[in-house]
Amino acid sequence: MPDAVTVRPFETGFAAIVAPRSRAAAARSRFADTFGFALPEGPRLARAGDLMAFGIGVDHWVAAAPGDGWALERRLAASLGETALVTDQTDAREGFRIEGPAARLLLETGCSLDLHVSVFPAGAAAVTEIAGMPVWLWTEDAASFQVAVSRSYAESFAQWLDHAVAATRARVAAGERAA
């Protein structure tokens, strides 16, 4: 089953949003009014159209949209005004999309999180480590994960992925359940 897992790089604009506790409610309200969905509570993913956001800490989110990170930062900052600090993170991150019936199996080889669908379902997000490298990890469906790794770790992460893909394909070929 050679197509049990595929890895593709992806490019998108990333922006961090941090709201002081005293302004977090106002930031959430302005965001929802402007973009048509609420900033998620906790490590969850929310989206409308081409914009998505996920929680990475208390009153701290990552927003992502196709295209230019500077444009995303300006778009978010114009909406949030003084309620939150928005900073472009695009050049600091490299994205990888890991898809297929063995995607969870592959990620479990390097991630200490429990990635079982009952614990990490579609719409889950986390700040964690994979193979000792800090990452943002999220999933939109049962067989597709996105990982954003610091650009300084991107080459090491890609090498780890190459080895993990080969090992995962071998495990699936030997009959280990991929789903």
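# Salt bridges, a buried threonine and ring pairs

Glutamate 140 is partly exposed, with a relative accessible area of 34%. That value falls in the class between buried, under 20%, and exposed, over 50%. The model is predicted.

## Salt bridges across the chain

Glutamate 140 has a charged partner. It forms a salt bridge with arginine 47, and the closest N and O atoms are 2.5 Å apart. Glutamate 140 belongs to strand S9 and arginine 47 to strand S3 (residues 45-48), so the bridge ties together parts 93 residues apart in sequence. Arginine 47 is partly exposed too, at 40% relative accessible area.

How many salt bridges are there by this rule? The count is seven. Three of the pairs are listed here.

| Salt bridge | Closest N and O atoms | Separation in sequence |
|---|---|---|
| Glutamate 140 and arginine 47 | 2.5 Å | 93 residues |
| Arginine 8 and glutamate 99 | 2.7 Å | 91 residues |
| Arginine 28 and aspartate 59 | 3.2 Å | 31 residues |

Take arginine 8 and glutamate 99. Their closest N and O atoms lie 2.7 Å apart. The bridge links distant parts of the chain: arginine 8 sits in strand S1 (residues 6-10), glutamate 99 in strand S7 (residues 93-99). Arginine 8 is partly exposed at 40%. Glutamate 99 has 23% relative accessibility, so it counts as partly exposed; the cut-off for buried is under 20%.

Next come arginine 28 and aspartate 59, with N and O atoms 3.2 Å apart at the closest. This pair also links distant parts of the chain: arginine 28 is in helix H1 (residues 24-35), and aspartate 59 is in the loop between strand S4 (51-57) and strand S5 (60-65). Is aspartate 59 buried or exposed? Its relative accessibility is 7%, so aspartate 59 counts as buried. Both residues belong to a network of salt bridges that links Arg21, Arg28, Glu41 and Asp59.

## A buried charge without a bridge

Glutamate 73 is in helix H2 (residues 69-80). This residue is buried yet has no salt bridge. Which side chain of opposite charge is nearest to glutamate 73? It is arginine 74, 6.5 Å away. A salt bridge needs nitrogen and oxygen within 4 Å, so a separation of 6.5 Å does not qualify. Neighbours within four places in sequence aside, glutamate 73 contacts Val86, Thr87 and Asp88.

## Threonine 139

Strand S9 (residues 133-141) also holds threonine 139. Its relative accessible area is 0%, so threonine 139 is buried. What does the side chain of threonine 139 reach? It reaches the backbone oxygen of aspartate 141, at 2.6 Å.

Contacts outside its neighbours within four places in sequence include Leu45, Phe120, Pro121 and Ala122. Gly123, Ala124, Ser144, Phe145 and Gln146 are also in contact with threonine 139. In space, threonine 139 and glutamate 99 are 9.9 Å apart, C-alpha to C-alpha, and in sequence they are 40 residues apart.

## Aromatic pairs

A search of the whole structure gives 10 aromatic pairs. One of them joins phenylalanine 96 and phenylalanine 157; it is tilted, at 5.2 Å centre to centre and 55° between the planes. Distant parts of the chain are linked here: phenylalanine 96 is in strand S7 and phenylalanine 157 in helix H4 (residues 154-173), 61 residues apart. Phenylalanine 96 counts as buried at 7% relative accessibility. Phenylalanine 157 is buried at 0%.

Phenylalanine 157 also pairs with tryptophan 160: the ring centres are 5.7 Å apart and the planes are at 35°, so this pair is tilted. Why are these two separated by about one helical turn? Because phenylalanine 157 and tryptophan 160 are three residues apart in helix H4. Tryptophan 160 counts as buried at 16% relative accessibility.

Ring pairs also link Phe10, Phe14, Phe54, Trp136 and Trp138 into a cluster. Arginines sit over rings of this cluster. The charged end of arginine 93 is over the ring of tryptophan 136, 3.8 Å from its centre. Arginine 97 lies over the face of phenylalanine 10, at 5.1 Å from the ring centre.

Key
Residues numbered from 1 in each chain as written. Predicted model: local features only at pLDDT ≥ 70, side-chain atom pairs only at ≥ 80, totals over all residues. Heavy atoms only, no water. Helix = DSSP H or I, 4+ residues; strand = E, 2+ residues; numbered from the N terminus. Buried < 20%, exposed > 50% of the residue type's maximum accessible area, 1.4 Å probe, protein only. Contact = heavy atoms within 4.5 Å. Polar contact = N/O pair within 3.5 Å; in protein donor to acceptor, adjacent residues only side chain to side chain. Lys, Arg positive; Asp, Glu negative; His and termini not counted. Phe/Tyr/Trp six-rings, centres within 6.5 Å; stacked < 30°, edge-to-face > 60°. Lys NZ or Arg CZ within 6 Å of the ring centre and 35° of its normal.
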